[in-house]
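Work through the exercises below with the structure open beside you. Try each task before you read its solution.

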Amino acid sequence: MTSELDIFVGNTTLIDEDVYRLWLDGYSVSDAVSLRVRSGILEQTGATAAVLQSDTMDHYRTFHMLERLLHAPPKLLHQLIFQIPPSRQALLIERYYAFDEAFVREVLGKKLSKGTKKDLDDISTKTGITLKSCRRQFDNFKRVFKVVEEMRGSLVDNIQQHFLLSDRLARDYAAIVFFANNRFETGKKKLQYLSFGDFAFCAELMIQNWTLGAVDSQVADMDVDLDKEFLQDLKELKMLVADKDLLDLHKSLVCTALRGKLGVFSEMEANFKNLSRGLVNVAAKLTHNKDVRDLFVDLVEKFVEPCRSDHWPLNDVRLFLNQYSASVHSLDGFRHQALWDRYMGTLRGCLLRLYHD
Amino acid sequence: MPGKLKVKIVAGRHLPVMDRASDLTDAFVEVKFGNTTFKTDVYLKSLNPQWNSEWFKFEVDDEDLQDEPLQITVLDHDTYSANDAIGKVYIDIDPLLYSEAATVISGWFPIYDTIHGIRGEINVVVKVDLFNDLNRFRQSSCGVKFFCTTSIPKCYRAVIIHGFVEELVVNEDPEYQWIDRIRTPRASNEARQRLISLMSGELQRKIGLKVLEMRGNAVVGYLQCFDLEGESGLVVRAIGTACTLDKLSSPAAFLPACNSPSKEMKESPLVHPPSHGCRSTHNSPIHTATGSRLTQNFSVSVPTLIYTGMGSGSAGKEGGPFKALLRQQTQSALEQREFPFFTLTAFPPGFLVHVGGVVSARSVKLLDRIHNPDEPETRDAWWAEIRQEIKSHAKALGCHAVVGYSESTSICEEVCILSASGTAAVLNPRFLQDGTVEGCLEQRLEENLPVGCGFCHIPYDELNMPFPAHLTYCYNCRKQKVPDVLFTTVDLPTDATVIGKGCLIQARLCRLKKKAQAEANATAISNLLPFMEYEVHTQLMNKLKLKGMNALFGLRIQITVGENMLMGLASATGVYLAALPTPGGIQIAGKTPNDGSYEQHISHMQKKINDTIAKNKELYEINPPEISEEIIGSPIPEPRQRSRLLRSQSESSDEVTELDLSHGKKDAFVLEIDDTDAMEDVHSLLTDVPPPSGFYSCNTEIMPGINNWTSEIQMFTSVRVIRLSSLNLTNQALNKNFNDLCENLLKSLYFKLRSMIPCCLCHVNFTVSLPEDELIQVTVTAVAITFDKNQALQTTKTHVEKSLQRASTDNEELLQFPLELCSDSLPSHPFPPAKEHLESASSNSGIPAAQRDRCSSWIELIKLKAQTIRRGSIKTTVTVEKASPMGEGNFRNRSAPPCANSTVGVVKMTPLSFIPGAKITKYLGIINMFFIRETTSLREEGGVSGFLHAFIAEVFAMVRAHVAALGGNAVVSYIMKQCVFMENPNKNQAQCLINVSGDAVVFVRESELEVVSTQQPTANCQPSCTGGEVTT
């Protein structure tokens, strides 16, 4: 006796959250069944393994049918085939678009292309996330990217409109799209200590202040592309380190203000010129795409690492950066105050977030 | 020209991509009714076209309005080649033809294609202007209401229940016409869908005419089925109960009682047919009748059993003369009808006087080609034969009517089994004719009817019992005789007193049969049938006893014929009726006494059975009050003139004393184990596992013993097909496979629905079919309803209170018994608080509903939030630009989606006639839909399971969409009448036909009813969003 056909269709589509998770995690039906058995569900319910098998198959089939709709979540809301309560719809969408930290760290900043897709095998082996799940997550990134890439309006907003994600998840996707578009390097060894959250935080700051959308909310790509003009202008900052008087003046202003307030004052004093050169040179180089990509590598190399080797406490870093940015206003010979603020305001936020072990 | 049909095509959405080059579609719509076709403009390059057409007007006869469906075809325009069809929508406009039902059909309908399934949706508005028809000889029956519900619909009152109406129409099956060889599968499927839709319309119109002839205005318990007879044709047949219904809200204004032409007949002297002893038609000969003309017509009438349990009746006691009169009246009222049958399963209080037992008849026929579709005499004659048999069975049980009546067929190749079954009963004449019955007589009769047990009293003559029986005095009133077991096909009457809870009881049986041709095959089948019936009956009886119960309700026996086997599946809901005696146990007796180990085995088995009975009694809370012997014995038999009567009286009083030993050996049901077969039977008895705790199941409308339903319901359909290993199949192996299949299916259901605990599976409806040699298909449709466990524990009330409480739910009907009520309700003051309790419960259940509503706006919330965030960001970054027209345009664009995004309205579906915690305020008409789905890429669609899963989901979606378009928010009395699945995995093909029906209704939650008493609920359920799509 073999079961040829075995289905269950409810007027309200039944969604089992646990099975949904297993499906999202890319387990095969038989793996899912054995995982469910291990969870002790048989004992709790008095069911048999055959029942569990049939139930799992059924849910998988449902999810498979729903997947097409999940690719365009507004369709899930409008479709008539599956009657699903709105709270469940929201759960289905949110979970489908959720991603693994380990996975996103591997893909963040890479081009979302076929080439990267081929590497998913290695990522799967490396992270222990099933290939199926990797594919889903990658395809989600790519799908969201394709839809919002050339759209005008706020990035987070657009993502929320078209994918009906929660605020938090939409912000994460905004970061992923932003990183993918600008191809920031995040995979270098010295960047390994950074979490996705760190990058997402920086992305948000950069979107708010460094993109086209920061000045004009009506252009296409406003939140995805950096403001080219702004990047060009950043060259002007170079005089802060090129002009020796300006540099000295800047240093003395900072040192005066911070004397006695910093635990690592002497180290700061000794390193000031190096640090300042580092920060300003990063700005000046941003006209080249290659250097834009290396932004985070540079920030870590030029600022985070030197400070960390001198054991600066985070609070000292904060005090220094505040003073470092503020003091520029007192430099009479320097005309690009607004430019400096737009650059340093964001950079300060990013550096503070990046500064940890 | 009595009607004008107006159709407007508004828009489409989610259309499939038809042009690969542009990834878009150039869609237009054809609207067809009868022979007239209109077209919309082509809407170029869009998957969400906005046609906003003019009103297409069709001027048509109302006959056509009833028969024809409105056909809407969506096509993709192609300049160079033929236009490609995207899909179709069939809209049955019948609901627009009654005055009280829907006034407009408007909403999103799934565009359906028989090969691709649902492909997008289309927004359509349909209206009908009906003119008064002056033609007396009209062929239409507009205005007759149809209900699938097998009880009097909730917002109506039955003025008169006229009785049985039936009709059938036949045609050639397009699938078997010569043209099918050259046309595409799609064309063939569409021809079939259209034909069945047409035939259904015609059938309904013809039945309507019959109802008008009877001066009724509605058909209740309307059941329409189709028989796919293959080569020999397509039969669509329907039965129902004609009624005159009166809308409850309208104050008793009703057309004057029609002067029925039956008056004279009523005066005709009543001839009570003498019932003749043991009743069974075993003697009915197998006659090979050569039918009309050239056709060979083979017919076998099959011996049929009458299930009643045991009983010997007393026709007249105290109420004698009145009862006789009553009988006389009903008799005459019913005699005018050819078939005194009623398809109802639940009745107004007082309608059902006595119940005799289940009557059923089957006959095996050989199909032949239908030569003249306009004169379906052969099929008519077949059914007439069977109905006649049912009628005579009922007579033999001393009953003049059959209630809970249904008919079915099972077809395999050219053999067809026709089956009919129902419950023989004595009815109260008051409902059957106009109110000319003398009031005083009625009143006295009603006083004589004891509450909650009257229907159990035997209607037949104790002296001329139709079968060997076993009678006792009623355990409730102790005045009348009752049988020890009662089987019926109806729902449990609301006033019946039940102890404990009920449960689903199934008998399952397979019999192998040799493959044979034509007559030999039919003969083989008809030879097997009586044995199957007998075994099914025995199994039911054993299982009932094992549960410690004494009555079966909603009994439905299905016999299915296949190439090489016969399957029998009986489902019923077992209960313990307080009026009936405590069932005896089951005793096992071995045939070979001298074997020690065997004896030991037997006694071991006996112990197991006794344990199971005890366990079941505990599980179902069956603890009947102990009745002392004196009370039972107390009614002293009245002196009778006839000595025979006296003798029987003394016999039955003997039995009473014996019965009091309840578990004594004598009355116990003895199972003899004389061979391995019997051993298997006993084993199978014990293998049925009860549902996990927190679950109950029944196949009736509601679970006896549970009456505190909460509002959560989940209707579902589950289908399983198993392949038997063809090697050495034996009856035992087959039985085991079938048994396992059913049990596993139930187990799966319990597991799937575990989050609803405590809950009850109601109206569990199993259907078995044998699509191929080694395949068994079981289809189950049921609804899971949650209930409040805490309250369930408190329901040990006296039956008076209970019946009062029940009556209060049907409060309107209650008014018909003012006398009884007042006298009873005055002393029992605990009633009002109990009601309050109920109300508080319903409001409690309202809370989660509100929460759900809040959740429903979750997505909205996201959007709103998104918007505010957006506004915020604009403000902070570019304050200057706020005034620019660009910005404003953008704003408007953004605020549009939330209103267009109002999520699809929820439509509930249930096989029950009611929705727990809600009140049905309007019936919008019947839904009767037929779909075919075919695929030539079975593997790609997920195999057979994926294919059928998607199809059933689509069928649900289409039913919901039609209900929503009518302005409704639920389907009640939903039934999947057919699910014919055929596969050919080698060719990567499969085909499935599904036929569903139900009543579209508007319901209002009781909790909401208090808040918005006057507001029309239709507004909120209508998917009124015609606004623009989200910008894409």
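The exercises that follow concern helix packing, a sheet and an aromatic pair in a predicted model.

**Exercise 1. Across two chains**

Task: Find how α4(A) and α12(B) are oriented to each other, and name the residues that meet.

Solution:
- Step 1. Locate the helices. Helix α4 of chain A covers residues 49-70, and helix α12 of chain B covers residues 731-752.
- Step 2. Read the geometry. They pack at an angle of about 60 degrees, and their axes are 10 Å apart.
- Step 3. Classify. Angles of 65 to 115 degrees would count as roughly perpendicular, and those under 35 as roughly parallel. The two helices, α4(A) and α12(B), are therefore oblique to each other.
- Step 4. Give the hand. The crossing of α4(A) with α12(B) is right-handed.
- Step 5. List the contacts. From α4(A) come V51(A), L52(A), S54(A), D55(A), D58(A) and H59(A). They meet K747(B), S748(B), F751(B) and K752(B) of α12(B).
- Step 6. Sort this contact of α4(A) with α12(B) by class: three nonpolar, three polar and four charged residues.

**Exercise 2. Within chain A**

Task: Do the same for α16(A) and α20(A).

Solution:
- Step 1. Helix α16 of chain A spans residues 244-258, and helix α20 of chain A spans residues 314-327.
- Step 2. Their packing angle is about 135 degrees, with axes 9 Å apart.
- Step 3. Roughly antiparallel needs an angle over 145 degrees. So α16(A) and α20(A) are oblique to each other.
- Step 4. Here α16(A) passes α20(A) in a right-handed crossing.
- Step 5. H250(A), L253(A), V254(A), A257(A) and L258(A) in α16(A) touch L319(A), F320(A), Q323(A), Y324(A) and S327(A) in α20(A).
- Step 6. The contact of α16(A) with α20(A) has seven nonpolar, three polar and no charged residues.

**Exercise 3. A sheet in chain B**

Task: In what order do the four strands of the open sheet lie, and which helices lie across β21(B)?

Solution:
- Step 1. The order is β20-β22-β23-β21 in chain B, with mixed pairing.
- Step 2. The edge strands are β20 (486-487) and β21 (498-512) of chain B, each pairing on one side only.
- Step 3. β21(B) pairs with β23(B) in the antiparallel sense over twelve bridges. A507(B) stands opposite A570(B) in β23(B).
- Step 4. Helix α7 of chain B lies across β20, β21, β22 and β23 of chain B, at about 150 degrees to β21(B). α12(B) lies across β21 and β23 of chain B, at about 140 degrees to β21(B).

**Exercise 4. An aromatic pair**

Task: How are the rings of F341(B) and Y405(B) arranged?

Solution:
- Step 1. The count over all chains is 51 aromatic pairs.
- Step 2. F341(B) and Y405(B) form a tilted pair, 4.4 Å centre to centre, with 35 degrees between the planes.

Key
Residues are numbered from 1 along each chain as its sequence is written. Chains are lettered from A and ligands numbered from 1 in the order in which they are written. This is a predicted model: local features need pLDDT of at least 70, side-chain atom pairs count only at pLDDT 80 or more; totals for chains, interfaces and linings use all residues. Side-chain values use heavy atoms; hydrogens and water are left out. Axes are lines fitted to C-alpha atoms, for helices over the stretch in contact, and angles run from 0 to 180 degrees between N-to-C directions. A crossing is left-handed if the near helix is turned anticlockwise from the far one by less than a right angle, and right-handed if clockwise. Contact means heavy atoms within 4.5 Å. Ala, Val, Leu, Ile, Met, Phe, Trp, Tyr, Cys and Pro count as nonpolar, Asp, Glu, Lys and Arg as charged, and the others, Gly among them, as polar. Two strands pair if DSSP finds at least two bridges between them. Rings of Phe, Tyr and Trp (its six-membered ring) pair if their centres lie within 6.5 Å; planes under 30 degrees apart count as stacked, over 60 as edge-to-face and the rest as tilted.
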